[in-house]
Amino acid sequence: MLKELNPLIHSQLRLAIMSLLLSVEEADFTYLKERTQATSGNLSVQLDKLSHAGYIHVAKSFVGKKPRTFCSITEKGKEALEEYIESLKTYLNL
C-alpha cells in the first residue's frame with residue numbers, strides 16, 4: 001500500500017532545503033539561496049513554512065551591522081524527512 005507523501009516536504013524547494021540542512025549543523029540564508037538557486041522572497045516564504053511546522057529552527061542575528069539568518073533542522077524535521085523517504089520508497093517498490 002502506498003503511503004501519502006508529506007505535502008509540506010514534497011515541494012521541490014522545501015525538499016532541497018531539508019536535504020541540505022540534514023547534512024550540515026546549520027546553514028545561513030546565503031548558502032541556502034546559492035545551493036537551491038531560489039529567489040530571496042521564495043526562500044524566505046519556504047523557510048517560514050518549514051519553521052512554522054517545527055521542521056527547522058531559524059535564528060536571526062547581526063554580524064557587525066549586517067543581519068544574518070541561520071537555519072538548522074530539528075529532530076521533528078529529521079523524523080518527518082525520514083518518514084517522507086520511507087513513503088517514497090513504497091512508490092519505488094524498494
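Start by selecting Asp28: with a relative accessible area of 15%, Asp28 is buried (buried means under 20% relative accessible area, exposed over 50%, and partly exposed in between, using a 1.4 Å probe and protein chains only). What you have open is a predicted model, where local features need pLDDT of at least 70, side-chain atom pairs count only at pLDDT 80 or more, and totals for chains, interfaces and linings use all residues. Residues are numbered from 1 along each chain as its sequence is written, and side-chain values use heavy atoms, with hydrogens and water left out.

**Stop 1: Asp28 and its partner**

Keep Asp28 on screen and add Arg68. Their side chains meet in a salt bridge, 2.7 Å from N to O (a salt bridge is a side-chain nitrogen of Lys or Arg within 4 Å of a carboxyl oxygen of Asp or Glu). Which strands does this pair connect? Asp28 belongs to strand E1 (residues 27-28) and Arg68 to strand E3 (residues 66-73), so the bridge ties together parts that are 40 residues apart in sequence. Helices (H or I, at least four residues) and strands (E, at least two) are DSSP runs, numbered from the N terminus. Arg68 itself is partly exposed, at 28% relative accessible area.

**Stop 2: Thr69**

Now select Thr69, also in strand E3. Is Thr69 buried or exposed? Its relative accessibility is 16%, so Thr69 counts as buried. Show its surroundings too: apart from neighbours within four places in sequence, Thr69 is in contact with Ala27, Asp28, Phe29, Val58, Ala59 and Lys60 (contact means heavy atoms within 4.5 Å). Asp28 from the first stop is thus in this list.

**Stop 3: zoom out**

Reset the view and colour by secondary structure. The protein has five helices and three strands, and from the N terminus on the order is α-α-β-α-α-β-β-α. Along the principal axes, the C-alpha atoms fill a box of roughly 55 × 25 × 20 Å. Of the 94 residues, 32% count as buried. Among contacts with a separation of 6 or more, residues 24 or more positions apart account for 55%.

With a surface switched on, about 6,300 Å² is exposed, and carbon and sulfur atoms supply 54% of that. Accessible areas come from the Shrake-Rupley method with a 1.4 Å probe; for residues, only the protein chains shown count as cover.

If you colour by charge, you will find 12 positive and 11 negative side chains, with the centres of the two sets 8 Å apart. Here Lys and Arg count as positive and Asp and Glu as negative, while His and the chain ends are not counted. Each charge is placed at NZ of Lys, CZ of Arg, CG of Asp or CD of Glu.

**Stop 4: along helix H5**

How many salt bridges are there by the rule above? The count comes to three, and the next one to pick is Glu75 with Lys78, whose closest N and O atoms are 3.5 Å apart. Both residues lie in helix H5, three residues apart, about one turn of the helix. Glu75 is exposed at 51% relative accessible area, whereas Lys78 is partly exposed at 30%.

Then select Lys89 and Glu86, which form a salt bridge of 3.3 Å, N to O. This pair is also three residues apart in helix H5, about one helical turn. Both are partly exposed: Lys89 has a relative accessible area of 32%, and Glu86 has 40%.

Stay in helix H5 (residues 75-92) for Leu92, which is exposed at 52% relative accessible area. Add Leu2, Leu88, Tyr91 and Leu94, and you have a nonpolar surface patch with about 530 Å² of accessible area together. Patches are made of residues with over 30% relative accessible area and no salt bridge: like charges are joined within 9 Å, nonpolar side chains (Val, Leu, Ile, Met, Phe, Trp, Tyr) within 5 Å.

**Stop 5: Leu22**

Move to Leu22, in helix H2 (residues 12-22); this leucine is partly exposed, at 44% relative accessible area. Beyond its neighbours within four places in sequence, Leu22 is in contact with Ile73, Lys78 and Leu81. For a distance check, pick the C-alpha atoms of Leu22 and His52: they are 18 Å apart in space and 30 residues apart in sequence.

**Last stop: Gln37**

Finish at Gln37, in the loop between helix H3 (29-36) and helix H4 (40-52). Its phi is near 60°, a positive value in a residue other than glycine. Gln37 is exposed, with 69% relative accessibility.
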